[in-house]
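Biologist: Hi! I'm new to this one, could you walk me through it?
Modeller: Happy to, let's put it on screen.

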Amino acid sequence: MRLLFILLIMLFGSPAYAASSTPQGQIKQMVDGVFAVLNSDRSPEEKRTHISGTVQDFLGVKSLSQRTLGVYWKKGTEAELKQFMSLYVQILERTYLNRIENYSGGKVEYVKERIKANKAILDTKFVSSKFDIPVRYKLIEKAGVWQIYDVVIEGVSLVRSYRSSYNEILRKEGFDGLINRMEEKLVQMKKG
Amino acid sequence: MWQIIFFLILLTNIGFVDLAFAQQPEQSTPASEVHGSDFDQDFDDDFMEEDSAQLISDPFEKLNRGVFWFNDKVYFYLFKPAARAYRIVPRPARTSVSNFFSNLSSPVRIVNSTLQFKFADAGRETTRFFVNSIIGLGGLVDAADRWGEIPKKDEDFGQTLGFYHVGQGPYLILPFLGPSSLRDAGGLVADSFFDPLTIHLSRNWNFLERMELRAGLAVNFLSLDDDSYEKIKRDSLDPYLFMRAGYAQYRVAKVAK
């Protein structure tokens, strides 16, 4: 009986990650999930919610925010950081989900994977009839799960780009200024 | 004179075409075997220790923002409406126009690849030039990419300077042309000396005619573009800052390639 129990745990213990504990496995799982939703016949709004859920499972929101704020991460209060993270994820989602719909025709090639201690770099290529775009994922392992903390598209790092502009706003207008602006932007984005 | 120089470069590069193909398999070496400074650098690039220093210096920010504003107006009131109207021309035709001028500027890429000792790339660009000019109907079809799987690789004099460790210098927004830097703007001028479009085709044109040609090219380009600028403007807190960060990184990546 106990043996059966152990077997069951071994088989179903960690269903989400058991089969894909490598960075590539995990990104593939995410990408396949996103494409499955894109190619399904759900409404655009439904697709967006589904994709958002899928992607958030693989995103290290804290690692991502930490690197975006850089030196300002230590300066913010806990409440400010929490608010920032929530707004940041929403802005990223609004930004990239609007664009992703154009890309349902392509496929992703996995070029190479490198792992060093708890970090990994996965190079992929998005291939469609019109263009090839190199996409690099940077991942960090947290409790056995690989989480994305940066995406580099054609040499342009998402974190670095946001960081460069957000830090300048932080320097001039402080946390309040940044958060106000982010809230305004979100309202604007939701209007379409 | 330029024709002779170009011809010489062409000749030297034809020899490298074979080399270009011979080298291809080597590029797909499994990464796990490549352990060098690049490898470690990629991982240490963790942003945490980096202070919030800018990616590119911008001493002329006020002026740049002025030009940025100007370009924004020109884009929305002049070029975008023109591009929208021009979309009545079928997409394949517009792509062909873009291909034709891209093929015409092959010498720029060949010269700059050569200046950076990237002979394999120069060879590939030379091959592309011949294939597209002859089989691709004078450059209207990118036959080399479509059937020969030899994609275009952008090389310009800004990248060549970068190859010789010339930094980008201050960030500049050029009227009509958009984001650039002191180095890359200088590179544009240098490249025009290798571009058959300027030194040959429109040699006897007056200033106005040249501007018209450039404007036409811009409209053709924008008609194929999928509202990239609108998207950046809609999604970022400060499009000026966001584009500056993007430009700086994009050029660094281009130089590294």
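Biologist: Which helix does B:Ala190 lie in?
Modeller: B:Ala190 is part of helix α9 of chain B, which covers residues 182-192. Keep in mind that this is a predicted model.

Biologist: Is B:Ala190 buried or exposed?
Modeller: B:Ala190 counts as buried, because its relative accessibility is 18% and the cut-off for buried is under 20%.

Biologist: And how far apart in space are B:Ala190 and B:Phe207?
Modeller: They are 18 Å apart, C-alpha to C-alpha, with their positions 17 residues apart in sequence.

Biologist: Let's switch to α5 of chain B. How many of its residues are buried?
Modeller: In helix α5 (residues 106-115) of chain B, 9 of the 10 residues are buried, so the helix is largely enclosed by the rest of the structure. Among them are B:Pro107, B:Arg109 and B:Asn112.

Biologist: What follows that helix?
Modeller: B:Phe117 follows α5(B), and its phi is positive, near 60°.

Biologist: Now the two chains. How many residues are in contact?
Modeller: On chain B 34 residues are in contact with 43 residues of chain A. The two chains bury about 3600 Å² between them, with 53% of that on carbon and sulfur atoms.

Biologist: Which side chains meet in a salt bridge there?
Modeller: B:Arg244 and A:Glu168 do, at 2.9 Å from N to O. The rule finds 1 salt bridge across this interface, along with 7 residue pairs in polar contact.

Biologist: Which helix of chain B gives the most to that side?
Modeller: That's α13(B), with 8 residues. Overall, the side of chain B touching chain A has 13 nonpolar, 5 polar and 16 charged residues.

Key:
Residues numbered from 1 in each chain as written. Chains lettered and ligands numbered in written order. Predicted model: local features only at pLDDT ≥ 70, side-chain atom pairs only at ≥ 80, totals over all residues. Heavy atoms only, no water. Helix = DSSP H or I, 4+ residues; strand = E, 2+ residues; numbered from the N terminus. Buried < 20%, exposed > 50% of the residue type's maximum accessible area, 1.4 Å probe, protein only. Contact = heavy atoms within 4.5 Å. Buried area = accessible area lost by both parts, 1.4 Å probe. Salt bridge = Lys/Arg side-chain N within 4 Å of Asp/Glu carboxyl O. Polar contact = N/O pair within 3.5 Å; in protein donor to acceptor, adjacent residues only side chain to side chain. Nonpolar A, V, L, I, M, F, W, Y, C, P; charged D, E, K, R; others polar.
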